[in-house]
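Work through the exercises below with the structure open. Try each task before you read its solution.

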Amino acid sequence: MPSSSARFALVATVAFALAPAVLGQCEEAKLFPAQASAGDLFGSALAVDGELVLVGAQQSDAAGFDRGAAHVFARSGEQWVELAALSASDGIDQARFGGDLAHPAGIALVSSTRHDRKRGAVNA
């Protein structure tokens with residue numbers, strides 16, 4: 001049964017939910033986005049707030065060339081489900097939305113490291 005104190009780790013392009021075990025950590029789930037392509041860099045950033053997880057894919061092409069995305073996952077019983085794939089409302093090609101993430105007090109903060117002529121931006 002999943003534990004409410006699950007931990008997360010990033011390996012390559014997969015986010016792993018890890019549950020506490022007697023001798024360390026054991027894999028609880030692998031998180032995959034509903035839509036993904038090679039080179040999206042899914043798992044490039046991670047933010048956890050209780051049972052809610054944001055996973056960055058800073059080179060996702062779903063909204064345009066390398067615009068990026070942040071995928072929202074939540075625990076539903078013993079499964080992890082993707083609730084949404086976020087993108088910047090004012091995104092531009094190569095903005096790399098999802099390069100850095102934070103999730104304080106229920107607010108998703110997502111960076112676009114190359115937005116506005118590489119000056120960068122944080123979307124809330």
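Four exercises on this predicted model follow, each with a worked solution.

**Exercise 1. The sheet**

Task: Find the order of the strands in the open sheet, and state how they pair.

Solution:
- Start with the order. The 4 strands run β4-β5-β6-β7.
- Next, the direction. The pairing is antiparallel.
- Now the edges. β4 (42-49) and β7 (79-86) each pair on one side only.
- Then the twist. From one strand to the next, it averages 25°.
- Look at one pairing in detail. β5 is joined to β6 (residues 69-76) by 6 bridges. Across this pairing, Leu52 faces Ala74 in β6.

**Exercise 2. A glycine in the sheet**

Task: Is Gly56 buried or exposed? Which residues does Gly56 touch?

Solution:
- Place the residue. Gly56 belongs to strand β5 (residues 52-57).
- Check the accessibility. The relative accessible area of Gly56 is 0%, so Gly56 is buried.
- List the contacts, leaving out residues up to four places away in sequence. Gly56 touches Leu41, Phe42, Gly43, Ser44, Ala45, Ala69, Ala70, Gly98 and Leu101.
- Take one of these contacts. Gly43 is 13 residues from Gly56 in sequence, yet their C-alpha atoms are 5.5 Å apart in space.

**Exercise 3. The aromatic pair**

Task: Search the whole structure for aromatic pairs, and classify what you find.

Solution:
- Count first. The search gives 1 pair.
- Get the geometry. The ring centres of Phe42 and Phe73 are 6.2 Å apart, and the planes stand at 70°.
- Apply the cut-off. Planes over 60 degrees apart count as edge-to-face. At 70°, the Phe42 and Phe73 pair is therefore edge-to-face.
- Locate the partners. Phe42 sits in strand β4 and Phe73 in strand β6, 31 residues apart, so the pair links distant parts of the chain.
- Test burial. The cut-off for buried is under 20% relative accessible area. Phe42 has 4% and counts as buried. Phe73 has 2% and is buried too.

**Exercise 4. The nonpolar cores**

Task: Which residues make up the largest nonpolar core, and which strands supply at least two of them?

Solution:
- Name the members. The 9 residues are Ala45, Ala47, Leu54, Ala70, Val72, Ala88, Phe97, Leu101 and Val110.
- Assign the strands. β4, β6 and β8 (97-102) each supply at least two residues of this core.
- Pick one member, Ala70. Beyond four places in sequence, Ala70 touches Val55, Gly56, Ala84, Ala85, Leu86, Phe97, Leu101 and Val110.
- Look for a separate core. Another, of 8 residues, lies apart from the largest one; among its members are Ala29, Leu31, Val53 and Val55.

Note on methods:
Residues are numbered from 1 along each chain as its sequence is written. This is a predicted model: local features need pLDDT of at least 70, side-chain atom pairs count only at pLDDT 80 or more; totals for chains, interfaces and linings use all residues. Side-chain values use heavy atoms; hydrogens and water are left out. Buried means under 20% relative accessible area, exposed over 50%, partly exposed in between (1.4 Å probe, protein chains only). Contact means heavy atoms within 4.5 Å. Two strands pair if DSSP finds at least two bridges between them. Axes are lines fitted to C-alpha atoms, for helices over the stretch in contact, and angles run from 0 to 180 degrees between N-to-C directions. Rings of Phe, Tyr and Trp (its six-membered ring) pair if their centres lie within 6.5 Å; planes under 30 degrees apart count as stacked, over 60 as edge-to-face and the rest as tilted. A nonpolar core is a set of buried Ala, Val, Leu, Ile, Met, Phe, Trp, Tyr and Cys residues joined through side-chain atoms within 4.5 Å.
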